[in-house]
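Q: I would like a close look at one part of this protein. Please take me through it step by step, and then show me what lies around it.

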Amino acid sequence: MFRHLLCPLDGSPLSGRAIEKAVALAREIGAELTFFYAKSDPGTLLYGESELSRVMDPEGYAARAEAHARSILSEALAAAEGVRCQAIAVSAGEPYEAIIATAEQKCCDLIVMASHGYRGVKGLLLGSQTQKVLLHSKLPVLVYR
């Protein structure tokens, strides 16, 4: 039924458990698996330390973001031994848009992702990427919580 899964990651422990579930599903159904990480776009203004890092040292920030993405994706690839997989990191102002665009570009037929389950004010403030993917994707989404 599903031949190509996209598994977006954010580096959290819950995201790590989603890797395990996505790998198990891909292995069971014989699907290809693409791990995805959205790096913060250096041109996007965010509050806090990351904004200062970009303003003061944009090249250094980009290098740290790339190293962080490689670290997260390397762990995912190592966990997927025996499953046909690849890893992609892109800079994104809106991670949910990059997730959906990548799934479409790679001809994925299922997005498998984690949700922290934040609701109410906390969910509104933190801006659930999973919620946004669910609202905007034309592809089916399997949410692990």
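Is C108 buried or exposed?

A: This is a predicted model. In it, C108 is buried, with a relative accessible area of 5%. Now look at C107. C107 counts as exposed, at 60% relative accessibility. The cut-offs make the labels clear: C108 is buried because its 5% falls under 20%, and C107 is exposed because its 60% is over 50%.

Do these cysteines form a disulfide? The count of disulfides comes to 0. For C107, the nearest cysteine sulfur is that of C108, 7.7 Å away. For C108, the nearest cysteine sulfur is that of C107, again at 7.7 Å. A disulfide needs two cysteine sulfur atoms within 2.5 Å, so C107 is in no disulfide, and C108 is in no disulfide either.

Next comes D109. D109 sits in the loop between helix 4 (95-105) and strand 4. D109 is buried, yet it has no salt bridge. The nearest side chain of opposite charge is R3, 4.6 Å away. A salt bridge requires the charged atoms to be within 4 Å, so this pair does not qualify. R3 still meets D109 in another way. The backbone nitrogen of R3 lies 2.9 Å from a polar atom of the D109 side chain. D109 also touches M1, F2, H4, L139 and P140, among others.

Now go back to C108 and follow one of its contacts. L5 touches C108. L5 also touches L110 and V112, as well as A22, L25, A26 and I29, among others. L5 belongs to the largest nonpolar core, which has 19 residues. The residues with the most contacts inside this core are L5, L9, V23, L33 and F35. Several elements build the core. Strand 1 (4-9), helix 1 (13-29), strand 2 (32-40), helix 3 (58-79) and strand 4 (110-114) each supply at least two residues. Another core lies apart from this one. That core has 14 residues, among them F36, I88, A98 and I100.

Finally, take F35 as a link to one more place. F35 and A89 are 54 residues apart in sequence, but 8.5 Å apart in space, C-alpha to C-alpha. A89 lies in strand 3 (residues 85-92). A89 is partly exposed, with a relative accessible area of 27%. Beyond its sequence neighbours up to four places away, A89 touches Y37, K39, A69 and L73.

Technical notes
Residues are numbered from 1 along each chain as its sequence is written. This is a predicted model: local features need pLDDT of at least 70, side-chain atom pairs count only at pLDDT 80 or more; totals for chains, interfaces and linings use all residues. Side-chain values use heavy atoms; hydrogens and water are left out. Helices (H or I, at least four residues) and strands (E, at least two) are DSSP runs, numbered from the N terminus. Buried means under 20% relative accessible area, exposed over 50%, partly exposed in between (1.4 Å probe, protein chains only). Contact means heavy atoms within 4.5 Å. A nonpolar core is a set of buried Ala, Val, Leu, Ile, Met, Phe, Trp, Tyr and Cys residues joined through side-chain atoms within 4.5 Å. Lys and Arg count as positive and Asp and Glu as negative; His and the chain ends are not counted. A polar contact is a pair of N or O atoms within 3.5 Å; within protein, one must be able to donate a hydrogen and the other to accept it, and residues adjacent in sequence count only if both atoms are side-chain atoms.
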